[in-house]
Amino acid sequence: MNKKTLLIFIAGYVLLFGLPAWASEKLKGGFIVTQQCKAYSSIRKKTNPVDLVVGRKYRVVAKNKPSPSHYRIIVAESRSQNNWVAVGCGRLVGATQPTPETPHASGKTYLLALSWQPGFCLTHASKRECQRASSTSYSARHLSLHGLWPQPRNNTYCGVSETDRSIDRRSHWGLLKPLTLSATTRRALSKAMPGHLSFLQRHEWVKHGTCYSQTAEQYYVDSIHLTQQVNATAVDEWLTQNKGQSVTLSSIRKALASSVGEQAASKVALRCGRKNQITELWIGLRGNIKTTPLRQLMEQGDTPQSNCQAGVVSRY
């Protein structure tokens, strides 16, 4: 078989059967489908869809990662060897059901996304939180919570059904299920996250929080605590003092370094909008969120990617 023929054969195989699941982990058990769902040969591209029968038990042969979002199952009606189904489509049965990863294990990495809300609202004026904002709002002088994102980047939608994924990806966040939060956490979240008026909290939980903890309560208690710790540094006051000015990433890091040190401050990235306005600070973290001080989390973290080196500090 010459090289050209081999390439044609490989391309045909991929189109028909999908890519082999080299990164998957072997698993034995059964999967009982509890809602209308499809299995796909490619999780990301959703190729070769196969309708699954509600109530039927399928044999499980693999999971896509240690804390899985999908199981690979055997579907007799499918010609593909890779049939991936979202874990939220049913329940795993048998003695080999994987134990969920312990949240906050040492060495885990995260990205904390904090918004400078006046900059965000400059290009999102129609958002409910922006319509209600004013120069006296808490968000006018403090960083706001966007989200806490377990890394790597593709660590999302853990155990989330295909239906909820579809709703979330279409930004119909109001159609997602309300979160079960204590009254205390709900009040704190309404202050820390102005975007709750647009159901941002439901989106962040479904996409990122499900890969962080078993409950939305724990996810937001920790996320709010981190946001409060950052706002307790000199950086939000410094941004407030520089409203209307163009500032650099290096100057923001310098302001933050006065509170957490240069090494920790170097793990801050700058994000700007299309009008060259500062919209967010991204902060790399590593370690046990519950027990590790902010400075140490930042020192051990990775530096996220900036999309600008300077931007204007907007005001409402």
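Begin with the salt bridges: this predicted model contains 7 of them. Select Glu-77 and Arg-56, whose side chains form one such bridge, with N and O 2.8 Å apart. Glu-77 belongs to the loop between β5 (70-74) and β6 (84-86), and Arg-56 to the loop between β3 (50-51) and β4 (57-63), so the pair ties together parts 21 residues apart in sequence. Glu-77 is exposed, at 52% relative accessible area, while Arg-56 is partly exposed, at 34%.

Next, select Arg-286 and Asp-302. Their side chains also meet in a salt bridge, at 3.1 Å from N to O. Here strand β12 (residues 278-286), which holds Arg-286, is tied to the loop between α11 (294-300) and β13 (310-312), which holds Asp-302; the parts joined are 16 residues apart in sequence. Both residues count as partly exposed, Arg-286 with a relative accessibility of 25% and Asp-302 with 45%.

Move to helix α11 and select Glu-299 with Arg-295. The closest N and O atoms of this salt bridge are 3.2 Å apart. The two residues lie 4 positions apart in the helix, which means a separation of about one helical turn. Glu-299 is partly exposed at 24% relative accessibility, and Arg-295 is partly exposed at 43%. To close this part of the tour, display Lys-46, Glu-162 and Arg-169 together; salt bridges link them in a network.

**The interior**

Now view the whole chain. It comprises 11 helices and 13 strands, and 51% of its 316 residues are buried. Of the contacts with a separation of 6 or more, 69% are between residues 24 or more positions apart. The accessible surface comes to about 16,200 Å², with carbon and sulfur atoms contributing 52%.

Which residues touch the most other members of the largest nonpolar core? Select Leu-112, Leu-145, Tyr-220, Leu-285 and Met-298, which do so within a core of 52 residues. A second, separate core has 17 residues, among them Phe-31, Leu-52, Val-60 and Val-85. In soluble globular proteins, nonpolar side chains tend to be buried together.

Centre the view on Met-298. Leaving out residues up to four places away in sequence, Met-298 touches Leu-256, Val-260, Ala-264, Ala-265, Lys-267, Val-268, Ile-283, Gly-284 and Leu-285.

Tyr-220 leads to helix α7, where the buried residues include Ala-216, Tyr-219, Tyr-220, Ile-224, Leu-226 and Val-230. Asp-222, Ser-223, Thr-227 and Asn-231 are also among the buried residues of α7. A distance between the end C-alpha atoms of this helix (residues 216-231) gives 22 Å, in agreement with the 22 Å that its 16 residues should span at 1.5 Å a residue.

**Two further stops**

Select Asn-155, in the loop between β9 (144-150) and α4 (162-169). Is Asn-155 buried or exposed? Its relative accessible area of 15% is below the 20% cut-off, so Asn-155 counts as buried. The side chain of Asn-155 makes a polar contact of 3.3 Å with that of Lys-65. Apart from residues up to four places away in sequence, Asn-155 touches Lys-65, Pro-150, Lys-207 and Cys-211.

Finally, select Leu-122 in helix α2 (residues 117-122). Leu-122 is partly exposed, at 39% relative accessibility. Beyond its neighbours within four places in sequence, Leu-122 contacts Lys-275, Gln-277 and Ser-314. Add Arg-315 to the selection: although 193 residues separate it from Leu-122 along the chain, the two C-alpha atoms are 8.6 Å apart.

Definitions and conventions:
Residues numbered from 1 in each chain as written. Predicted model: local features only at pLDDT ≥ 70, side-chain atom pairs only at ≥ 80, totals over all residues. Heavy atoms only, no water. Buried < 20%, exposed > 50% of the residue type's maximum accessible area, 1.4 Å probe, protein only. Contact = heavy atoms within 4.5 Å. Areas by Shrake-Rupley, 256 points an atom, 1.4 Å probe, with all protein chains shown as cover. Expected span 1.5 Å × (residues − 1). Core = buried A, V, L, I, M, F, W, Y, C linked by side-chain atoms within 4.5 Å. Polar contact = N/O pair within 3.5 Å; in protein donor to acceptor, adjacent residues only side chain to side chain. Salt bridge = Lys/Arg side-chain N within 4 Å of Asp/Glu carboxyl O.
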